[in-house]
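Work through the exercises below with the structure open beside you. Try each task before you read its solution.

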Amino acid sequence: MAIEQMTMPQLGESVTEGTISKWLVAPGDKVNKYDPIAEVMTDKVNAEVPSSFTGTITELVGEEGQTLQVGEIICKIETEGANPAEQKQEQPEASAAAETPAPASENRAEEASQPNKKRYSPAVLRLAGEHGIDLDQVTGTGAGGRITRKDIQRIIETGGVKERPEEPKTAAPAPLPKPEPKKEEISYPASIAGDKEIPVTGVRKAIASNMKRSKTEIPHAWTMMEVDVTNMVAYRNSIKDSFKKTEGFNLTFFAFFVKAVAQALKEFPQMNSMWAGDKIIQKKDINISIAVATEDSLFVPVIKNADEKTIKGIAREITDLAKKVRDGKLSADDMQGGTFTVNNTGSFGSVQSMGIINYPQAAILQVESIVKRPVVMDHGMIAVRDMVNLCLSLDHRVLDGLVCGRFLGRVKQILESIDEKTSVY
C-alpha cells in the first residue's frame with residue numbers, strides 16, 4: 001500500500017488555479033480510477049475531477065470554496081494492489097512537490113530546476129505584500145518551485161521567513177533594507193438595513209477575476225462599423241421555417257455573423273493572434289468563442305475550426321453549446337482553444353457596446369441588434385434598411401487600427417453580399 005497525492009489539474013489554457021466547489025467523496029470512501037471525486041470551478045469551466053488512482057480517500061486537503069494553484073495537493077488516497085510508480089505517471093502533468101519545503105542550504109542547487117519559482121499568482125503577491133514577506137527568500141512547494149498561497153500562509157503562521165546563510169564577505173557597507181510593500185487600500189461600500197447581500201462565490205467570482213485581469217493587463221482600443229444586412233435578413237426569414245422543419249433546430253442570424261467572421265479571420269490571420277510577452281503567437285486554427293449567458297453566469301464555449309464549417313454546421317453548434325450551458329453539461333474541452341470571440345449582445349437589445357477581451361485573445365467582436373433605420377442610398381433616395389453595428393475591442397499590443405479596419409470592412413462585405421443565392425449547406 002502507498003499514500004498517493006491528487007493534485008489540482010490544469011482544466012484549460014492559461015488556467016493557473018481552481019476552486020473546489022463541492023467534494024463528491026469523504027475520508028474513508030473507496031474510489032476507482034476515473035471516478036469523479038470533486039467539482040472544480042475555474043474562470044473558464046466547471047468540471048468534475050476524476051481520481052487518478054484506485055484506493056481509499058485518507059484526507060481531503062482542500063476545503064470546499066478554497067482556491068488552489070494548479071499542482072497543489074487537493075487530497076490523499078491510499079492505494080492497494082498497484083504499482084505506485086506506474087500510477088504516478090498518469091497523474092495530471094502539473095503535480096505538486098512535497099509538502100515540506102527543502103532546507104535552505106539546498107535552495108541554490110535547486111534554483112535551476114525551479115522554472116516557475118518567479119511566477120506568482122495575484123493572490124500570492126497580495127498576501128505577501130500585506131504581511132511584508134520578501135518572495136525572493138521563499139522556497140515554493142508548488143510545481144516547478146512555484147510559490148503557493150499555502151507557502152505564504154505557513155510563513156505567516158510560523159512568524160516569518162528564515163534568512164538564508166550568507167557566504168563570508170569582506171567588510172562592506174551594509175545594504176539598505178528593502179522598503180516594506182505597501183498594503184493595497186481598497187474601500188468597499190457598506191450595506192445598510194434593507195439591503196440584500198449576495199456572497200461573491202462560484203462562477204461570478206471567477207468571472208470577476210478574469211475580467212479584472214483582462215482590463216488591467218490588456219491595453220484596450222475600440223472601433224465600430226455599421227453594416228446593411230437587409231438582404232441577409234430577408235433571405236434568412238424566407239428559409240427559417242423550412243430549415244427548422246428539415247433540420248430540427250433554428251437558423252439564427254448569429255450563425256451568419258460567426259461564419260462571416262471565421263471567413264475574414266482566414267484572410268486576416270493577424271486578428272487570430274495572442275500576446276505572449278516577447279512574441280506574438282498567430283494561431284493556425286480558427287476557433288470562435290461565443291458568449292452564452294445564464295441568469296447569474298457567463299460561459300464562453302468554443303466552435304472549433306469554424307472556418308471549415310457551413311452556416312448550418314455553425315448553427316447546430318451554437319444550439320448544442322447553448323443547451324449544454326443550460327443543462328450544466330459543458331465540459332472543459334468545450335471551453336478550450338478559443339482564438340477569437342464573437343458576442344451576440346444584440347440578443348438583449350444592445351445597439352452599441354465595448355466588450356472586454358477574452359484573455360489571452362487579442363480581440364472580441366460585439367454583434368449588436370439589427371434595427372430598421374432610414375439610410376441614404378447611392379441614388380440619393382432615402383430607404384428603410386436593416387442595419388447592425390459591429391463593435392470591435394482590440395489588444396493594441398497585438399493589433400493596430402489599419403488591420404482591424406480592413407478586417408471589419410471584409411466582414412461587412414461578406415454580410416452585405418448574402419442573399420437568396422447564398423447556400424447555408
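**Exercise 1. Classify R326 by its accessibility, then place it in the chain.**

Step 1. This is a predicted model, and R326 has a relative accessible area of 60%.
Step 2. The cut-off for exposed is over 50%. R326 therefore counts as exposed, at 60%.
Step 3. Find the element. R326 belongs to helix α8.
Step 4. Look at V292. It lies 34 residues from R326 in sequence, and the two C-alpha atoms are 9.1 Å apart.

**Exercise 2. Describe the second largest pocket: its volume, its lining and the elements that build it.**

Step 1. Start with the volume. The second largest pocket holds about 620 Å³ of space.
Step 2. Now the lining. It is made of 26 residues, and the closest to the pocket centre are F254, A291, I318, N344 and S347.
Step 3. Ask which elements give two or more residues to this lining. They are α7 (253-267), β13 (292-293) and α8 (311-327).
Step 4. Pick the top contributor. Helix α8 gives the most to the lining of the second largest pocket, with 4 residues.
Step 5. Sort the lining of the second largest pocket by class. There are 14 nonpolar, 9 polar and 3 charged residues.

**Exercise 3. Take N344 from the pocket lining. Is it buried, partly exposed or exposed, and where does it sit?**

Step 1. Read the accessibility. N344 has a relative accessible area of 24%.
Step 2. Apply the cut-offs. Buried means under 20% and exposed means over 50%. At 24%, N344 is therefore partly exposed.
Step 3. Find its place. N344 is in the loop that runs between β16 (340-343) and β17 (363-367).
Step 4. Check a contact in space. N344 and V367 are 23 residues apart along the chain, yet their C-alpha atoms are separated by 5.0 Å.

**Exercise 4. Examine three salt bridges and give the exposure of each partner.**

Step 1. Fix the rule. A side-chain nitrogen of Lys or Arg must be within 4 Å of a carboxyl oxygen of Asp or Glu. The structure has 16 salt bridges by this rule.
Step 2. Take D151 and R154. Their closest N and O atoms are 3.2 Å apart, so the pair passes the 4 Å test.
Step 3. Place this pair. Both D151 and R154 lie in helix α4 (residues 149-158), 3 residues apart, which is about one turn of the helix.
Step 4. Classify the partners. D151 is buried, at 2% relative accessibility. R154 is partly exposed, at 26%.
Step 5. Take K412 and E416. The closest N and O atoms of this salt bridge are 3.1 Å apart.
Step 6. Place this pair too. Helix α10 (residues 401-416) holds both K412 and E416, 4 residues apart, again about one turn of the helix.
Step 7. Classify again. K412 has a relative accessible area of 24% and is partly exposed. E416, at 31%, is also partly exposed.
Step 8. Finish with D278 and K279. Their salt bridge has its closest N and O atoms 3.6 Å apart. D278 is exposed, at 70% relative accessibility. K279 is partly exposed, at 47%.

**Exercise 5. Trace the aromatic cluster around F243 and name the geometry of each pair.**

Step 1. Begin with the total. The whole structure has 4 aromatic pairs.
Step 2. Take F243 and F249. Their ring centres are 5.4 Å apart, with 85° between the planes. Planes over 60 degrees apart count as edge-to-face, so this pair is edge-to-face.
Step 3. Check how accessible these two residues are. F243 is buried, at 3% relative accessibility. F249 is buried as well, at 8%.
Step 4. Take F243 and Y425. Their ring centres are 6.2 Å apart and their planes meet at 35°, so the pair is tilted.
Step 5. Compare positions. F243 is in helix α6 (residues 230-247), and Y425 is in the segment after α10. The pair links distant parts of the chain, 182 residues apart.
Step 6. Classify Y425. Its relative accessible area is 52%, so Y425 is exposed.
Step 7. Put the pairs together. Ring pairs join F243, F249 and Y425 into a cluster.

**Exercise 6. Which residue lies over the face of F253?**

Step 1. Look along the ring face of F253. R236 lies over it.
Step 2. Give the distance. R236 is 4.3 Å from the ring centre of F253.

Key. Residues numbered from 1 in each chain as written. Predicted model: local features only at pLDDT ≥ 70, side-chain atom pairs only at ≥ 80, totals over all residues. Heavy atoms only, no water. Helix = DSSP H or I, 4+ residues; strand = E, 2+ residues; numbered from the N terminus. Buried < 20%, exposed > 50% of the residue type's maximum accessible area, 1.4 Å probe, protein only. Phe/Tyr/Trp six-rings, centres within 6.5 Å; stacked < 30°, edge-to-face > 60°. Lys NZ or Arg CZ within 6 Å of the ring centre and 35° of its normal. 1 Å grid on protein atoms, 1.4 Å probe; cavity = no way out; pocket = protein on both sides within 12 Å on 5 of 7 lines; lining within 4 Å. Points joined across faces, edges and corners; volume = space filled by probe spheres on them. Nonpolar A, V, L, I, M, F, W, Y, C, P; charged D, E, K, R; others polar.
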